[in-house]
Every structure is written in C-alpha cells, then in structure tokens.
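Trainee: Please take a close look at a single part of this model for me. Start from the enclosed space, and then work outward.

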Amino acid sequence: MENYNQTSTYFTLLGLFPSSRIGLFLFILIVLIFLMALFGNLSMILVIFLNTHLQKPMYFLLSQLSLMDLTYISNIVPKMAYDFLFGNKSVSFIACGIQSFFFLTLAGAEGLLLASMAYDCYVAICFPLHYPIKISRRVCVLMIIGSWLLGSINSCAHTIYALHIPYCRSRAINHFFCDVPAMLTLACMDTWVYEYTVFVSTTIFLLLPFTCIVFSYGRVLLAVYRMHSAEGKKKAYSTCSTHLTVVTFYSAPFAYTYLRPKSLRSPTEDKVLAVFYTILTPTLNPVIYSMRNKEVMGALRRAIQRICSVKM
C-alpha cells in the first residue's frame, strides 16, 4: 500500500474486482445488474406517474422507493466501473465526502420509507374506513420529506466527522465506495466515539423502523386471520410477504455489517455484504413489487402495448 502524508487531498479505492478473468466476469455481471436496476426503477417511476389508476398513496410511496434505489445504485456503480476500466482509483476528499453523504442519506431515508410503507399497509388493512383520512396525499408527502430530511441530517453529521479527522496512515480504502467505517480504519486517532454513533444511527434508522414494520405486520396478519374473504386474505398475504422480503433483504446485511464490533469485521466480508444493500436490493425492489402486484403489471403491459402500437 502506498503511504501519504497528512497534506494529501485524495483517497484510493481498492475496489471490488480482482485483476483477473474472474474480476472481468464479475464486472460485466455488476454492469448488467446496474442496467437492470436503471430500467426497472425508471419503469416503475414512469408507470406510476403516468397511470391515473395508480395515483394512490401506496404507489406514491413505491415510486419514491424506486427514486431512492435509482439514486442509490447510481451513486455507487458508475464510479466503481470507471475505476475498474481506467485503473484510476483515486478519489478526492471532496468527492469521497459527497459519495459518502449521498450513500448515508439514501440508506437512512430508505429505512424510514420502508417503515412508512408498512404503516400504509397496516392502516389499509386494519382501518380501511379511516384510510383516506390517515393516509392522505399530504401525509404521504410529509412522510417522504421526513425520510429525506432525517436521512440527510444524520448523513451530514457522519460525513463532516469523517472529513475532519486526521489521516496519517495509508490512504488506500479497502472498499469499492467511500464507506465511512472503512475510511476510519486509516485514521491516526481513536475513533470509539464514531463507532458509538454508528451503533446509535443504525439503531434509529434500521432497527427501530424494522421493529415498527414487524409490529405493523403482526397486527396486519392478525386482522387477515379474522377475515372471511379468501381473496382478501390472499391479497393481504401477498402484499405483506412482498414487503417483508424487501425489508429483510435490505436490513439483514446492513445490520450485520454496521452493528458488529470493529474487531469482528473484515474488509472482504464487508464488501460482499455491501453488494446486497447497494446493488442487489435496488435491482430486486422493482422486480418484486411489479411481479407481485396485478395493478402495476397491468399498467406496465398497457404502457408497453401503447409504445409498440406507436412504433408500428
């Protein structure tokens, strides 16, 4: 590893892919997954925005999830692909701080948004008569703004801290993006205070929303169990299982990575786990929600049919 003095104004990202045929194969695979994520999330946003039948709170929240996922993966993969193709793995302090800020903002905001979507489902099934009042367009907007605002405030605190501590070791970050815990392994000061704040932030933006989601779906399943309509039960179970799949796939790797003590973490394991919540989850979200939702699939088919008819 190359050593730098404290006046150095850049980091070096070691990346995800080895310099071999396997690395090239993994690079091509990640690029294909990235393109799938772009297409899937853009399609979800456009279909929900353009279809009048989908102008409902649930789909409004879903379109925001797609927007977050689109921004999320676009913040990580293009830089990683550029580094692999051109071999220029250096990144300035400012650019690293910007990437870290957007990553942490989106990570926190998505956790809160998933909790909001669970609350929406809970009210829709447990209090259907009060749904138009409790989940209005205004309430949805407030939940979305709150998610973005709280996520950005948390992110700003972490990013400012990371950019203002002294680095007197190698500036080579053993990761494929500017992950603050990976950056702080290079610090020449004790970072126990930051490690504590990571635990607190992960608890607030991941564990608390996850607890709320579990509580909401516990009440939902109890209400579904009391239903007499088989069709209603089937639809409710489908919605709940879809959301829980997304939440688990996103939360489990994130929690395992950031709640472990520093002594138990390894760079290789952290990078593999990061692939799940930075690349795979943004790709799978639109697939899971569209494939399990008849209204979205119907709107998507009609949109494709209109496009094909125009071309013909």
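**The second largest cavity and its surroundings**

Mentor: The lining of the second largest cavity has seven nonpolar, one polar and two charged residues. In this sorting, Ala, Val, Leu, Ile, Met, Phe, Trp, Tyr, Cys and Pro count as nonpolar, Asp, Glu, Lys and Arg as charged, and the others, Gly among them, as polar. This is a predicted model, where local features need pLDDT of at least 70 and side-chain atom pairs pLDDT 80 or more, while totals for chains, interfaces and linings use all residues. Residues are numbered from 1 along each chain as its sequence is written, and side-chain values use heavy atoms, without hydrogens and water.

Look at the lining by name. Leu13, Leu14, Gly15, Leu16 and Phe17 are among the residues around the second largest cavity. Met80, Asp83, Phe84, Lys89 and Phe176 also belong to that lining. Asp83 and Lys89 are its charged members. Gly15 counts as polar here. Helix H2, residues 57-86, gives the most to this lining, with three residues. Helices are DSSP runs of H or I, at least four residues long, numbered from the N terminus.

The second largest cavity holds about 80 Å³ of space. A cavity is a set of points on a 1 Å grid over the protein atoms alone where a 1.4 Å probe fits but cannot get out; a pocket is an open set with protein on both sides within 12 Å along at least five of seven lines; lining residues have an atom within 4 Å of a point. Points join across faces, edges and corners, and the volume is the space filled by probe spheres set on them.

Now set that cavity in context. The structure holds three cavities of 30 Å³ or more. About 200 Å³ of space lies in the largest one. Its lining has 14 residues. Leu104, Asn154, Ser201, Thr202 and Phe254 lie nearest the centre of the largest cavity. Nine lining residues are nonpolar, five are polar and none is charged.

Four helices each supply at least two residues to the largest cavity: H3 (93-126), H5, H7 (192-225) and H8 (230-258). H7 gives the most, with six residues. Take H3 a step further. Tyr119 lies in this helix. Tyr119 is partly exposed because its relative accessibility is 32% (buried is under 20%, exposed over 50%, partly exposed in between; 1.4 Å probe, protein chains only). Tyr119 and Ile213 are 94 residues apart in sequence, yet 7.4 Å apart in space, C-alpha to C-alpha.

Follow H7 to an open space. In the second largest pocket, H7 again gives the most to the lining, here with four residues. H6 (180-184), H7 and H9 (267-291) each supply at least two residues to that lining. The pocket holds about 470 Å³. Its lining has 24 residues, and Pro181, Ala182, Thr185, Lys262 and Arg265 lie nearest the centre. The class split is 13 nonpolar, five polar and six charged.

Arg265 leads on to the charged contacts. A salt bridge is a side-chain nitrogen of Lys or Arg within 4 Å of a carboxyl oxygen of Asp or Glu. By this rule there are four salt bridges. Arg260, Arg265, Glu269 and Asp270 are linked in a network of them.

Take the pairs in turn. Asp270 bridges to Arg265, with the closest N and O atoms 3.0 Å apart. Both Asp270 and Arg265 are buried. Asp270 also pairs with Arg260, at 2.7 Å between the closest N and O atoms. Asp270 lies in helix H9 and Arg260 in the loop between H8 and H9, so this pair ties together parts that are 10 residues apart in sequence. Glu269 meets Arg260 as well, at 2.5 Å from N to O.

Burial differs across that last pair. Arg260 counts as buried because its relative accessible area is 11%. Glu269 counts as partly exposed because its value is 31%. Asp270 is at 8% relative accessibility, so it counts as buried.
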